[in-house]
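Visitor: Could you walk me through this structure and explain how its descriptive words are earned?

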Amino acid sequence: MNDTAFQAINDFFERYAHALENYDSKHMSLHYAIPCTLLSDDSSNTFSEASKLEGLFNQGTGFYKQFGITHARPEIWSKRPVSARTARVTVNWKYYDGLNQPVYNCDYFYMMKLDKNDQWKIELSVSINEKEQMDQWLEKNPPKGKKAKK
């Protein structure tokens with residue numbers, strides 16, 4: 001893997017964050033290979049249609065809108081080539097509201113591959129702790145009309 005391709009991973013996640021900040025589920029889904037797998041402790045979903053993946057991202061962007069998340073910052077913790085055209089990447093996502101106040105952060109592991117056009121695509125996305133981080137934040141910041149748990 002050449003240095004340019006490896007460096008392009010940083011740009012890839014900046015573009016992905018921009019799509020997320022714009023609640024652009026179609027553009028978010030373009031960052032994934034089809035088929036792809038999204039994995040967490042609670043579920044494993046393989047998507048063989050871009051429209052189904054986009055539908056999942058629509059649900060996620062609904063949550064971001066509801067809770068005022070307007071900024072996403074990917075902090076790449078590690079990038080390691082696995083082969084000439086694949087890499088494993090660990091990212092800490094930091095989410096902020098409109099006032100740039102932290103909302104929550106979470107970790108993801110990605111297996112990425114260069115496609116036939118030498119563009120990075122996510123083949124496997126593993127949520128390491130997003131559900132736990134989100135639940136923790138929601139306990140302290142319940143939706144309007146609900147009381148916080150003590």
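Guide: We will go through the sheet, then the helices, then a few single residues.

Guide: This is a predicted model, so a word on the rules: local features need pLDDT of at least 70, side-chain atom pairs count only at pLDDT 80 or more, and totals for chains, interfaces and linings use all residues. Residues are numbered from 1 along each chain as its sequence is written, and side-chain values use heavy atoms, with hydrogens and water left out.

Visitor: What makes the strands an open sheet, and in which order do they stand?

Guide: Six strands form the open sheet, in the order β2-β1-β6-β5-β4-β3, with mixed pairing. Strands are DSSP runs (E, at least two residues), helices are runs of H or I with at least four residues, and both are numbered from the N terminus. Two strands pair if DSSP finds at least two bridges between them. β2 (44-47) and β3 (69-81) stand at the edges with a single partner strand each, so one side of each has no neighbour in the sheet. From one strand to the next, the twist averages 20°.

Visitor: How do you know that β5 and β6 pair, and in which sense?

Guide: DSSP needs at least two bridges, and β5 and β6 have seven, in the antiparallel sense. One example is Lys113, whose bridge partner in β6 is Lys121. Phe109 stands opposite Val126 in β6. The hairpin of β5 and β6 has five residues between the strands, and Asp118 there takes a positive phi near 60°.

Visitor: What partners does β1 have, and in what sense does β1 pair with β6 and with β2?

Guide: β1 and β6 pair in the parallel sense over four bridges, whereas β1 and β2 pair in the antiparallel sense, also over four bridges. Leu39 shows both pairings: its bridge partner in β6 is Val126, and in β2 it is Ser44. A hairpin joins β1 to β2 through four residues.

Visitor: Now the helices. How do you know what span to expect for α3?

Guide: The expected span is 1.5 Å times one less than the number of residues. α3 has 17 residues and reaches 24 Å from its first C-alpha to its last, close to the 24 Å expected.

Visitor: Which residues of α3 are called buried?

Guide: They are Leu53, Phe57, Thr61, Phe63 and Tyr64. Buried means under 20% relative accessible area, exposed means over 50%, and partly exposed is in between (1.4 Å probe, protein chains only). These buried residues cover an arc of only 150° around the axis, which puts them on the same side of α3; the arc is that of the directions from the helix axis to the C-beta atoms. The face turned away from that buried side carries the exposed residues Ser51, Lys52, Gln59 and Gln66. Just after α3, Gly68 takes a positive phi of about 70°.

Visitor: What makes α4 similar to read, and where are its buried residues?

Guide: In α4 (residues 130-140), Glu130, Met134 and Trp137 are buried. They cover an arc of only 65° around the axis, which puts them on the same side of α4. Their cover includes α3 (50-66), β4 (86-97), β5 (102-114) and β6 (120-127). α4 lies across β4, β5 and β6, running at about 165° to β5. Such angles run from 0 to 180 degrees between N-to-C directions, with axes fitted to C-alpha atoms, for helices over the stretch in contact.

Visitor: Why is Trp137 called buried?

Guide: Its relative accessibility is 15%, and the cut-off is under 20%, so Trp137 qualifies. Leaving aside neighbours within four places in sequence, Trp137 is in contact with Phe67, Val103 and Tyr104, where contact means heavy atoms within 4.5 Å. The C-alpha atoms of Trp137 and Tyr104 are separated by 6.5 Å, although the two are 33 residues apart along the chain.

Visitor: Why is Asn92 called buried, and what makes its link to Cys106 a polar contact?

Guide: Asn92, in strand β4, has a relative accessible area of 2%, so it falls under the 20% limit. A polar atom of its side chain lies 3.4 Å from the backbone oxygen of Cys106. A polar contact is a pair of N or O atoms within 3.5 Å; within protein, one must be able to donate a hydrogen and the other to accept it, and residues adjacent in sequence count only if both atoms are side-chain atoms. The 3.4 Å separation is therefore within the limit.
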